[in-house]
Each structure stands twice: as structure tokens, then as C-alpha cells.
Amino acid sequence: MRNDYLFTSESVSEGHPDKVSDQISDSIVDLFLSKDPEARIACETLTTTQLVVLAGEIRCKGVYENGAWAAGAQAEIEATVRNTVKEIGYEQDGFHWEKFEFINRLHGQSAHIAQGVDAGSNKDEGAGDQGIMFGYATDETPDLMPATLYYSHKILERMAADRHSGAAPFLEPDAKSQVTLRYEGSVPVAATAVVVSTQHAKGYDEGDKEAALHAYVKRVVADVIPVELLRETEYHINPTGSFEIGGPDGDAGLTGRKIIVDTYGGAAPHGGGAFSGKDPTKVDRSAAYITRYLAKNIVAAGLATRCTIQLAYAIGVSKPLSLYVDTHETGKVGDDVIEKAIMGIAKLGGLTPRAIRTHLGLNKPIYRKSAAYGHFGRKPEGDFFPWEKTDLVDDLKAALG
């Protein structure tokens with residue numbers, strides 16, 4: 001195994017056009033789950049210059065039943081979408097929360113999909129689709145996330161907080177970051193490069209204003225990344241020069257195009273399925289959450305310093321087709337032993353879709369918060385981010401004897 005190397009991860013802000021789409025899609029998921037915890041949602045969003053389009057399949061009591069919208073439902077959907085964009089901060093000529101054209105093309109869920117997913121007298125609830133899902137954890141950071149992605153997210157979170165508070169009024173919503181770390185013996189020892197591209201107010205691409213913007217970004221980086229890692233850092237701040245036109249006006253956005261930003265920054269495999277816009281019967285989402293939960297608890301329990309977990313499902317089938325654990329030769333016990341222990345923990349219910357949703361409490365309106373700055377490595381608070389809890393540590397230790 002190679003221990004000395006450079007590795008890079010990127011993040012994008014809440015104002016990135018794809019993230020705008022993700023947040024709109026998940027605001028719709030939250031709206032429907034607040035009306036009906038058993039709602040079925042697959043909501044895709046397109047954003048571009050002064051336009052937002054919703055498309056997908058839904059089923060929701062009190063909102064959309066028997067092929068028809070309830071009174072006032074479509075107006076509530078539009079209000080939810082506009083409020084999401086307003087909260088992000090878009091009041092620009094090319095994309096404004098009050099002024100964009102809104103098109104709703106959501107329609108009823110296929111009866112053929114429903115019959116495979118719904119529980120019946122002769123079957124448990126099946127997976128909402130086939131596919132493979134991965135979870136990962138590493139002891140590189142306090143949140144058990146890859147350090148490159150951890151720092152990339154934190155830079156943009158801090159900049160967004162300063163923008164919203166007015167501490168950095170020259171910032172606009174769209175931004176990207178990228179952090180390259182040098183590893184020695186699998187430990188990050190230096191940040192060799194930091195890239196930050198941020199949309200800005202007019203005039204902040206030259207002279208004193210540009211210098212002030214660059215100085216601000218460097219202060220944020222210094223607050224986020226430990227000083228001992230910044231000894232040899234090369235900075236690339238708005239390397240193209242001007243970045244006034246951004247967000248959906250600068251580049252069209254689509255739901256589900258930032259799946260590596262959403263997960264582990266490329267440090268772990270990805271099964272290919274996006275999360276946002278999907279209710280938790282879709283194992284693209286729920287199984288990715290439970291695999292992160294399992295991997296994080298394995299590392300938190302001291303059973304390994306690094307762990308990757310894969311689950312596989314078939315549409316309409318409740319039992320997972322496979323469970324694979326890889327502790328990358330850092331495990332205190334065999335990976336096969338951990339696999340057996342996981343399947344033997346009663347509260348996990350054999351990792352069926354219903355058991356995952358029940359154990360993590362996923363049938364709640366908790367998803368908008370996950371749609372920017374990563375679904376993992378977040379602080380569990382109340383009903384939010386339950387997959388980040390480390391409350392399975394004792395069960396794992398007991399199952400392993």
C-alpha cells in the first residue's frame with residue numbers, strides 16, 4: 001500500500017447551480033414528508049437563467065392523490081421553491097427568487113414501481129431500486145471524514161456564514177473550493193494547494209478590492225486548516241480573474257451532479273446514485289446513510305482506523321443481496337467477522353429498507369440541510385443527520401464478544 005502521496009478533494013457552495021437544484025429537490029422532499037411520512041418522491045430540478053423546472057414522480061396523501069393535486073398544493077410547492085432560493089441569497093438580474101419562471105412537471109408514481117416497493121400481505125417493503133451503495137469513515141478528522149473534503153467543506157461553510165451575516169458583503173452565493181494534502185504514512189502533513197473560486201460583487205476583480213478579497217480568503221483558510229499544514233501552500237484564488245456572473249445564470253444546474261462532493265471527496269467508492277430529491281424508500285439514499293453509519297461506528301469503536309462498506313439491493317426485494325466490509329488492513333478483527341456481527345444486531349433488522357428507515361428515523365422532513373456541504377461528517381442534532389450518530393458502538397463490541 002502506498003503511504004506517501006498527494007490527494008485532492010473539492011466542495012461547492014450552496015449557491016452553486018447544481019447545489020441550488022439539490023436544495024430545491026430536497027425542500028420538496030421535506031414538504032411532502034411533512035404532509036405524509038409515507039410519501040414517495042423522486043424530484044429532479046433544472047435551474048438556469050431565470051428558470052426553475054421540477055420533474056419527477058410522486059405520491060403523497062393530501063397533496064397528490066388519484067392523479068390530481070389537492071387545492072393549494074401547487075401554490076405551496078412554488079412558494080417552497082422560491083423561499084429556498086431566497087434563503088440561498090439569489091437576488092440577481094440573471095437569477096432572482098421573485099422573478100424566475102417556475103414550471104412544475106411532477107406527476108404520479110408508476111403503479112408498477114409502487115407494487116414492487118410497497119409492503120403487502122405476502123411481502124415486506126422492497127427496495128425502491130436496484131444498486132450498490134458505499135459508506136466510509138476514517139480517523140483523519142474529528143468527524144471521521146477524509147481531511148481533504150473536510151477542509152474543503154469548512155472553507156465554504158465559513159464563507160457562506162460571513163456572506164449571510166454581512167461580514168463579507170462582497171461575496172455572492174456561488175463558490176467552489178479545492179484542497180490538496182500531502183500524506184506521509186497515510187497522515188496528512190501539508191496542504192500543498194488550496195483553490196477557492198467565489199462569485200463576487202462588481203469591482204472585486206482588480207486593484208485594492210481584489211487584494212482585499214484574496215486576503216479575506218486566506219484568513220478563512222488559516223482559520224479552517226491547522227497552521228502546521230500551511231507551511232508550503234500554493235493559493236489559487238479566483239484564478240480565471242472575474243467571477244461576477246454565477247449560479248444558474250452562469251451555468252445550468254441539475255439535481256444529483258455533485259455526488260462526490262456529497263459523499264467522501266473521492267476517497268471512497270461511490271455506487272453512482274444521487275441522494276437529493278429522493279424519499280428514503282430509495283436505497284440510493286437510505287442505504288448510503290446506513291453504510292456511513294456502520295463505517296463510522298466501526299471506526300469510533302476502535303475496531304479499525306479506516307473502513308469501507310458496500311451494500312447491494314434489487315428493486316422490490318427487501319433483503320440486501322450482499323454486505324461487504326473492508327477495513328483496509330487496519331481492523332482489529334477480521335472483516336468477515338464484522339460482517340457477521342452487523343447482520344446479527346437485531347435493531348438493524350437485517351438491513352432491509354424498512355429496518356434502515358425505522359432505525360435511523362428517516363421518514364421525516366430532515367433533508368434540505370443535507371443538500372449543501374456534504375451529507376456526511378455533519379453534527380447530529382435532534383432529528384437531523386441520525387446516520388452520524390455513534391450509538392452503535394456498544395452493540396458492535398457486544399456482537400464481537
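Helices (DSSP runs of H or I with at least four residues) and strands (runs of E with at least two) are numbered here from the N terminus. The model is a predicted one, in which local features need a pLDDT of at least 70 and side-chain atom pairs count only at pLDDT 80 or more, while totals for chains, interfaces and linings use all residues. Residues are numbered from 1 along each chain as its sequence is written, and side-chain values use heavy atoms, with hydrogens and water left out.

With those names in hand, we can begin at one residue. Histidine 328 is found in the loop between strand E13 (322-326) and helix H9 (335-344). Is histidine 328 buried or exposed? Its relative accessible area is 18%, and histidine 328 therefore counts as buried, where buried means under 20% relative accessible area, exposed means over 50%, and partly exposed lies in between (1.4 Å probe, protein chains only). If residues up to four places away in sequence are not counted, histidine 328 touches Tyr136, Arg306, Cys307 and Thr308, contact being taken as heavy atoms within 4.5 Å.

One of these neighbours of histidine 328 is Cys307, a cysteine that is buried at 0% relative accessibility. Cysteine 43 is likewise buried, with a relative accessible area of 0%. A disulfide is a covalent bond between the sulfur atoms of two cysteines, and for counting it is taken as a pair of cysteine sulfur atoms within 2.5 Å. How many disulfides does this rule give? The count comes to zero. For cysteine 43, the nearest cysteine sulfur belongs to cysteine 60 and is 12 Å away.

Another residue touched by histidine 328 is Tyr136, and Tyr136 leads us to the aromatic rings, as it belongs to one aromatic cluster with Tyr264, Phe275, Tyr289, Tyr367, Phe376, Phe385 and Trp387. A pair of aromatic rings is described by the distance of the centres and the angle of the planes. Rings of Phe, Tyr and Trp (its six-membered ring) pair if their centres lie within 6.5 Å, and planes under 30 degrees apart count as stacked, over 60 as edge-to-face and the rest as tilted. In the whole structure, a search finds 15 aromatic pairs. In one of them, the rings of tyrosine 289 and phenylalanine 376 have centres 6.0 Å apart and planes at 90°, so this pair is edge-to-face. Because tyrosine 289 lies in helix H8 (residues 283-300) and phenylalanine 376 in the loop between helix H10 (353-360) and helix H11 (393-399), the pair ties together parts that are 87 residues apart in sequence. Tyrosine 289 is buried at 0% relative accessibility, and phenylalanine 376 is buried at 2%. The pair of phenylalanine 385 and tryptophan 387 is also edge-to-face, because the ring centres are 5.6 Å apart and the planes stand at 75°; phenylalanine 385 is buried at 5%, and tryptophan 387 is buried at 0%.

Charged side chains can also be placed relative to rings. A charge sits over a ring if NZ of Lys or CZ of Arg is within 6 Å of the ring centre and within 35 degrees of the ring normal. Arginine 82 lies over the face of phenylalanine 100, at 4.3 Å from the ring centre, and lysine 369 lies over the face of phenylalanine 384, at 4.2 Å.

We turn now to the strands, two of which pair if DSSP finds at least two bridges between them. One open sheet has four strands in the order E1-E8-E9-E10, with mixed pairing. Strand E1 (5-12) and strand E10 (234-237) each have a single partner strand, so one side of each is left without a neighbour in the sheet. Within this sheet, strand E9 (residues 187-200) runs parallel to E10 and is joined to it by four bridges, and alanine 193 stands opposite glutamate 234 in E10.

Another open sheet of four strands follows the order E6-E3-E2-E11, and its pairing is mixed. Strand E3 (residues 51-59) pairs with E6 in the parallel sense over eight bridges, and leucine 54 has asparagine 104 as its bridge partner in E6. Helix H1 (residues 17-35) lies across strand E2 (40-48), E3, E6 and E11, running at about 150° to E2, where axes are lines fitted to C-alpha atoms, for helices over the stretch in contact, and angles run from 0 to 180 degrees between N-to-C directions. Helix H2 (residues 73-88) lies across E3 and E6, at about 125° to E6.
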